[in-house]
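Take a look at the chain below. This report goes through it step by step, from the overall layout to single residues.

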Amino acid sequence: MTEGLTHDEWTAALRDGRLLGATCRDCGATVGAPTAACPHCGARSLELVDLPTRGAVYTETTIEVPPAGVEERGYQVAVVDLGDARVTGRLDDEAVAIGDDVVLAGFLEDDQGNPAPRFEAV
Ligand SMILES: [Zn+2]
């Protein structure tokens, strides 16, 4: 029995250059973010998996108005298809477009010290 993928596990792996996901034992869906239950079917039987660190940009946008407490502006955020999961991260390269291949290239910390995956063009 597992308690899902905790934020601490996910964060520790990211600092180590890995992306952790969780695959649902009931429906087979894979998520790429900390979760206690499958977002698709609600099952709590999840298996931790290492996600691929290279994938394709599913969508990307530039954040001009950041969430409260974040000073930085004009940064780029992408949702990247990594195997069966989608992971949200930061992009450094404004030339990266939807469909481009990117690879995990470390992480960035926000003002609260929470790391976010950083991707760059392959
Ligand atoms: Zn499920």
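Read from the N terminus, the elements of the protein chain follow the pattern α-β-β-β-β-β-β-β-β. That comes to one helix and eight strands. Keep in mind that this is a predicted model.

How compact is the protein chain? Its radius of gyration is 15 Å, and the globule rule gives 14 Å for 122 residues. The two values are close, so the chain is as compact as a globular protein of that length. The C-alpha trace spans about 40 × 30 × 25 Å along its principal axes. Of the 122 residues, 23% count as buried. Now consider contacts between residues at least 6 apart in sequence: 49% of them join residues at least 24 apart.

**Two domains**

The chain is divided into domain 1, residues 7-50, and domain 2, residues 54-121. Their centres, taken over C-alpha atoms, are separated by 19 Å. How many residues of each domain are in contact with the other? Eight residues of domain 1 are in contact with ten of domain 2. On the side of domain 1 that touches domain 2, the elements giving two or more residues are α1 (7-15) and β2 (30-31). Helix α1 gives the most, with three residues. By type, the residues on that side of domain 1 divide into three nonpolar, four polar and one charged.

Helix α1 also has a place relative to the strands. It lies across β7 and β8 (115-121). Against β8, α1 runs at about 40°.

**The barrel**

Now for the strands. In general, strands of a sheet pair through backbone hydrogen bonds, either parallel or antiparallel. Here, five strands close into a barrel in the order β4-β5-β6-β8-β7. Is the pairing parallel, antiparallel or mixed? In this barrel, the pairing is mixed. From one strand to the next, the twist averages 45°.

Strand β6 shows both senses of pairing. With β5 (residues 75-82), β6 pairs in the antiparallel sense, over seven bridges. With β8, β6 pairs in the parallel sense, over two bridges.

Some residue pairs can be picked out across these strands. The table lists them.

| Residue | Opposite residue or bridge partner | Strand of the second residue |
|---|---|---|
| Val77 | Arg90 | β6 |
| Val80 | Val87 | β6 |
| Leu91 | Phe119 | β8 |

Strands β5 and β6 also form a hairpin, with two residues between the strands. Look for Gly83 in this hairpin: Gly83 takes a positive phi near 60°.

**A residue in a loop**

Finally, follow the chain on to Ala95. Where is the place of Ala95? Ala95 sits in the loop between β6 (85-91) and β7 (101-109). Is Ala95 buried or exposed? A residue counts as exposed if 12 or fewer other C-beta atoms lie within 10 Å of its own. Ala95 has 7 C-beta neighbours inside 10 Å, so Ala95 counts as exposed.

Compare its position with that of Val70. In sequence, Ala95 and Val70 are 25 residues apart. In space, Ala95 and Val70 are 24 Å apart, C-alpha to C-alpha.

How values were computed
Residues are numbered from 1 along each chain as its sequence is written. This is a predicted model: local features need pLDDT of at least 70, side-chain atom pairs count only at pLDDT 80 or more; totals for chains, interfaces and linings use all residues. Domain bounds come from an automatic or database domain assignment. Two residues are in contact if their C-beta atoms, placed from the backbone, lie within 7 Å. Helices (H or I, at least four residues) and strands (E, at least two) are DSSP runs, numbered from the N terminus. Ala, Val, Leu, Ile, Met, Phe, Trp, Tyr, Cys and Pro count as nonpolar, Asp, Glu, Lys and Arg as charged, and the others, Gly among them, as polar. A residue is buried if 20 or more other C-beta atoms lie within 10 Å of its own, exposed if 12 or fewer, and partly exposed in between; C-beta atoms are placed from the backbone. Two strands pair if DSSP finds at least two bridges between them. Axes are lines fitted to C-alpha atoms, for helices over the stretch in contact, and angles run from 0 to 180 degrees between N-to-C directions. The radius of gyration is taken over C-alpha atoms; the globule rule is 2.2 Å times the number of residues to the power 0.38.
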